[in-house]
Structure formats: structure tokens, C-alpha cells
Amino acid sequence: MITEERDFAGLAPAWDRLYRRCASATPFQSHAWLHSWWLSYGTPGRLRLLVVHDGAELVAVAPLMAVRRPVPSLVPLGGAISDYADVLVDDGHGERAVTALTEGLAAAARTALVDFREVRPGGAVEQVYERWRGPRRRVGDSLCLELPALPMDELVARLPAAKAQRVRAKLRKLTALGVQRHAVRPEEVDAALHRLLDLHRLQWQGRKVTGEHLRPRFREHLVRSVGPMVRSGNAVVTEFRLDDDVVAVDLTLLSHRLAGGYLYGAHPRLRERKADVAVMLLDACAEHTRDGGRAALSLLRGDEPYKHHWRPEPVVNQRLLLARRRTAPLLLAVVGDVAARRKGKELLLRRERRKERAGDGGT
């Protein structure tokens, strides 16, 4: 169990090799992302990295931290700004690595609940869940929407004829406007990310926005983590130019199995020129699925209406709760809280629908 940040930093080379040998890994399990996240968001004394070695080689890691509220728990690093959480397991060591990791987590669970949120179906930690001998529970977590990893023309061909025709017209409009894009070189990434965040702030000015994206600690994390990820092939930063000005910047994260558009910034003048920003970004993101052997183009978390225009498949992340007999009450408390929150959301949604119907009826 590693608890010191300097030891976390020193794991980078071995961690990167392990990441490449774990097919289910997402970009949010890369060392660059998680170590940078810890520097921006971690609490000293709470780091808990469970690592498994075979000789000198790292073959499994569970990147966790300790929290005290709402119940004493071990939770994944990455927090709310990471769309997926998981462990890393060397595919070549399979059974032995998973067994050792499971035993280590069982020892850690003597005093705390192990609470893995936002696990993408097929994640490596599901192997731990299947081998767990103590109390356990699986509940649904956030909804993600995914498209097949196809070129843009094939994604458009999946749409109804009339909608496909409109999208093709929007692509022609982007060409007619002269919008050009290029992947940013590693040495240009830091400056491009600052432009992305500045444009992101501008595009949401006066509207409701995810506040964390505007905070200095998020900017520091993004700039610190993405450069190494671009150099290792785990991210691509794309700039879009119009009349020689950068009018949009997109960050797409990459792993063995998926490409995912994480964050973008776009100047309002694009919309003023009747450019469809969503079509422009998806066209660029789809380009990164051509040669990577990836199975999915993820629109990541969120059920925004514009995503449904592309006929994506809903994929529900999982929350895996693992306990020992003495920590079972903690598990039951969390499961009860999840059920209560879900019920509250359902009641709120029904109330909103009743208000809408009452408004339509003039009462």
C-alpha cells in the first residue's frame, strides 16, 4: 500500500507499461491523469495506492484514497472530473494478479467500505467483484452515451435520411466557411489548452456552466496532465481556425477501446456564422477512431438532448461496493442512500411533469 505522493510520482514508468497491457483501461486510469489529479485535488495523508508486483514489474494497481464522509470508504482517484474509474490489471498475468489485488483490497476493507463509482461495463475491477467473498452490491451509476467507432460518413449514414441530409449540408457549410483543423503538436499543447479554457469560459458566459471547469485548480490539472498524454498517444488536442484565428479547441481522450470528446471551447462567432459546432467536433473526434482499433466513440457522461441526435447507445456505468462482514453496515447505509436519492429524483421528475401538464391545460 503506497501512501506517499513521491512514491506515486516514481511509479510513472512502470504504471505506463501496465496501462498499455490492460485492454480495458480508459484514459482516466493513466498515470499522467491520476497523478496530476492528486496534485490538484488530493488531501495529504489520504492516498491509498494498492500495488501488486511480480518481481520488479507492476502487474496490478488500485488507485484509491481514503474518505471519511458520508461513511469511511476507499474511493477511486479522479473524482467528479473523471468519467470512468477502474483498477489496472496486466492482461498477461490475469488470474494471479486479480487474486492478489482482491486479497489486498479485502485487507483494506477491514475498516472501510471499498466504493468504486463510475465503472464502465467490462472494467477490470469487475473481475475483483466476481471473486469477492464478503458482502458486495452492484448498483447503476451515471449514464454514458456511445457511438460505434466509425468514420463520419458512416455515422451520418446511420441517421434517418432527412436528418442525414441536414448533417451533410452542415459539413458542406463548414467547408464553405473555410474552417480548418489541425492536431496540436506536443510542444504546443499547454498554450492550446489555455486557449481551450478561455474559449470555454467565453462560450458559456451568462449561462449555467460546470463551475469546476472555470477554477484555477482544474486549469492546472488539465495543462499538467494532457501534455504527457498527448506524447503517449492517450489524448489529442485539435485547434480549429477561421480566417487565421483560433475559434475552437477540442480535447479528445484515447485508449485501447474508445475515443471520447472530453472538453472543448468555441468562440460565439462560429454560431454567428451558422457553423454547427457539434457536427464540427464529432467530425474531428471520429477521425481518431479510424486506425486505432477502437470499438466505441464515447460521448461520455450526460444525457444532453443534442447527443441523442446521433442515435447513440446508452451505457450505464456501474457502482461496485465491496465490504467485509464488520463493514457490511457501511455498505447497507450507502445502498439505502442511493435508493433514497433515486426515489427523490423520480418524485421531483413527476412533480415537474405535472406542472408542465397543468401549464399546457391552462390550470
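## Leu-251 and its partner across the sheet

Let's start with one pair of leucines: Leu-251 in strand E9 has Leu-263 of strand E10 as its bridge partner. This comes from a predicted model, which is worth keeping in mind as you look around. The pair belongs to an antiparallel arrangement in which E9 and E10 (residues 258-266) are joined over 7 bridges. To get from E9 to E10, the chain passes through a hairpin of 3 residues.

## The other side of E9

Strand E9 also pairs with E8 (residues 235-242), again antiparallel, and here there are 8 bridges. Within this pairing, Thr-238 is matched with Asp-250 of E9. E8 and E9 form a hairpin too, with 2 residues between them. Have a look at Asp-243 in that turn: its phi is positive, at about 55 degrees.

How much of E9 is covered? Of the 10 residues in this strand (residues 245-254), 8 are buried, leaving E9 mostly covered. As a general point for reading such strands, side chains in a regular strand alternate between the two faces of the sheet.

## A positive patch and helix H13

Now for a surface feature. Lys-343, Arg-350, Arg-351, Arg-353, Arg-354, Lys-355 and Arg-357 form a positive patch. One of these residues, Lys-355, sits in helix H13, which spans residues 328-361.

Why does Lys-355 count as exposed? Its relative accessibility is 60%, and the cut-off for exposed is over 50%, so Lys-355 falls in the exposed class.

Definitions and conventions
Residues numbered from 1 in each chain as written. Predicted model: local features only at pLDDT ≥ 70, side-chain atom pairs only at ≥ 80, totals over all residues. Heavy atoms only, no water. Buried < 20%, exposed > 50% of the residue type's maximum accessible area, 1.4 Å probe, protein only. Helix = DSSP H or I, 4+ residues; strand = E, 2+ residues; numbered from the N terminus. Pairing = 2+ DSSP bridges. Patch = residues over 30% accessible without salt bridge, like charges linked within 9 Å, V, L, I, M, F, W, Y side chains within 5 Å. Areas by Shrake-Rupley, 256 points an atom, 1.4 Å probe, with all protein chains shown as cover. Salt bridge = Lys/Arg side-chain N within 4 Å of Asp/Glu carboxyl O. Lys, Arg positive; Asp, Glu negative; His and termini not counted. Charge placed at Lys NZ, Arg CZ, Asp CG, Glu CD.
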